[in-house]
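User: I'm new to reading protein structures and keep tripping over the vocabulary. Can we go through this one together?

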Amino acid sequence: MASRRLIVGITGASGVIYGVRFLERLRQRGDTEIHLVMTDAAKVTLAHEVGATPQSLAGAATVLHSVENMAASIASGSFRTAGMVVIPCSMKTLSAVAHCQGDNLLVRAADVCLKERRPLVLVPRETPLHLGHLRAMAAAAEIGALIVPPMPGFYFRPKTIDDLIDHTIGKIFDLLGFDHQLFERWGEGRAARRPQGGD
């Protein structure tokens with residue numbers, strides 16, 4: 001039985017595999033009621049980058065919400081959740097969150113998390129970044145969002161793309177207080193056994 005609820009948003013930014021894998025890892029936990037909402041652009045990216053459909057992801061979610069349904073449960077602060085992760089998060093969505101422009105369910109749900117002081121993790125997948133992007137991220141951070149670009153670490157010696165993706169997901173799990181073993185932590189295992197050199 002699920003012990004917590006988490007909202008997952010997927011936008012049209014490139015890197016939709018992060019959202020797909022995040023759902024898979026959540027589902028594997030078996031302790032989370034997953035509320036999924038996707039933008040229309042996300043559906044296009046999903047088909048282009050991984051050859052999937054929203055319906056194929058529905059099995060990984062407990063509830064699949066329409067992005068147009070502003071009367072959905074996740075649009076209200078009285079519907080208690082453990083927070084929300086937008087993965088990947090387009091700059092359009094990030095800017096809308098930063099400036100409280102809740103004109104669709106995904107942005108409204110994110111705004112609810114902020115006003116209720118619940119964790120909101122945004123995973124922007126864009127590069128290079130111009131000043132407008134940086135200012136939007138700063139504005140989102142100032143009102144409480146956690147900004148987690150997918151910047152993989154290499155201290156655990158990843159061997160596959162899956163390892164790199166899991167590293168980002170593990171960092172998000174850490175922020176949410178979810179236990180995991182998605183990557184080897186610094187100071188543990190092989191990292192703890194490395195000889196210490198000079199400068």
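Analyst: Sure, and we can begin with surface: accessible areas come from the Shrake-Rupley method with a 1.4 Å probe, and for residues only the protein chains shown count as cover. By that method the protein chain exposes about 10,100 Å², and carbon and sulfur atoms supply 51% of that area. Before we go on: this is a predicted model, where local features need pLDDT of at least 70, side-chain atom pairs count only at pLDDT 80 or more, and totals for chains, interfaces and linings use all residues. Residues are numbered from 1 along each chain as its sequence is written, and side-chain values use heavy atoms, with hydrogens and water left out.

User: What makes the size of the protein chain agree with a compact globule?

Analyst: The radius of gyration is taken over C-alpha atoms, and the globule rule is 2.2 Å times the number of residues to the power 0.38. With 199 residues that rule gives a value near 16 Å, and the protein chain has 17 Å, so the two agree. Along the principal axes, its C-alpha atoms fill a box of roughly 60 × 45 × 35 Å.

User: How many helices and strands are there, and how do you know what counts as one?

Analyst: The protein chain has 8 helices and 6 strands. Both are DSSP runs, numbered from the N terminus: helices are H or I with at least four residues, strands are E with at least two. Read from the N terminus, the order is β-α-β-α-α-β-β-α-α-β-α-β-α-α.

User: What makes the strands a sheet, and in which order do they sit?

Analyst: Two strands pair if DSSP finds at least two bridges between them. The 6 strands form an open sheet with parallel pairing, in the order E3-E2-E1-E4-E5-E6. Strand E3 (63–65) and strand E6 (146–147) have a single partner strand each, so they stand at the edges with one side lacking a neighbour in the sheet.

User: How do you know that E5 and E6 pair?

Analyst: They share 2 bridges, in the parallel sense, and the requirement is at least two. Val121 stands opposite Leu146 in E6. On to other pairs: E4 (residues 84–89) and E5 (residues 120–124) are joined by 4 bridges, with Cys89 partnered by Pro124 and Val86 opposite Leu122. E1 and E2 pair over 7 bridges, also parallel, and one bridge partner there is Met38 for Ile10.

User: Why is Val85 called buried?

Analyst: Buried means under 20% relative accessible area, exposed means over 50%, and partly exposed is in between (1.4 Å probe, protein chains only). Val85 has 0% relative accessibility, so it counts as buried. This residue is found in strand E4. Over the whole protein chain, 47% of the 199 residues count as buried.

User: What does Val85 touch, and what counts as touching?

Analyst: Contact means heavy atoms within 4.5 Å. Leaving out residues up to four places away in sequence, Val85 touches several others, including Leu6, Phe22, Val123 and Leu176.

User: What makes E5 largely enclosed?

Analyst: The count does: 5 of the 5 residues of E5 are buried, so the rest of the structure largely encloses this strand. Leu120, Leu122 and Pro124 point one way, while Val121 and Val123 point the other way. E2 is mostly covered, with 6 of its 7 residues buried.

User: Why is helix H5 called largely enclosed, and what does H5 lie across?

Analyst: In H5, 8 of the 11 residues are buried, so that helix is largely enclosed too. Among them are Leu105, Val107 and Cys113. Helix H5 (residues 105–115) lies across E1, E2, E3, E4 and E5, at about 135° to E4. Such angles run from 0 to 180 degrees between N-to-C directions, and axes are lines fitted to C-alpha atoms, for helices over the stretch in contact.

User: How do you know where the buried residues of helix H2 sit around the axis?

Analyst: The buried residues of H2 (residues 40–50) are Ala42, Thr45 and Leu46. They cover an arc of only 105° around the axis, which puts them on the same side of H2. The arc is that of the directions from the helix axis to the C-beta atoms. Val44 and His48 are exposed, on the face turned away from the buried side. The buried residues pack against E1, H1, E2 and helix H3 (54–58).
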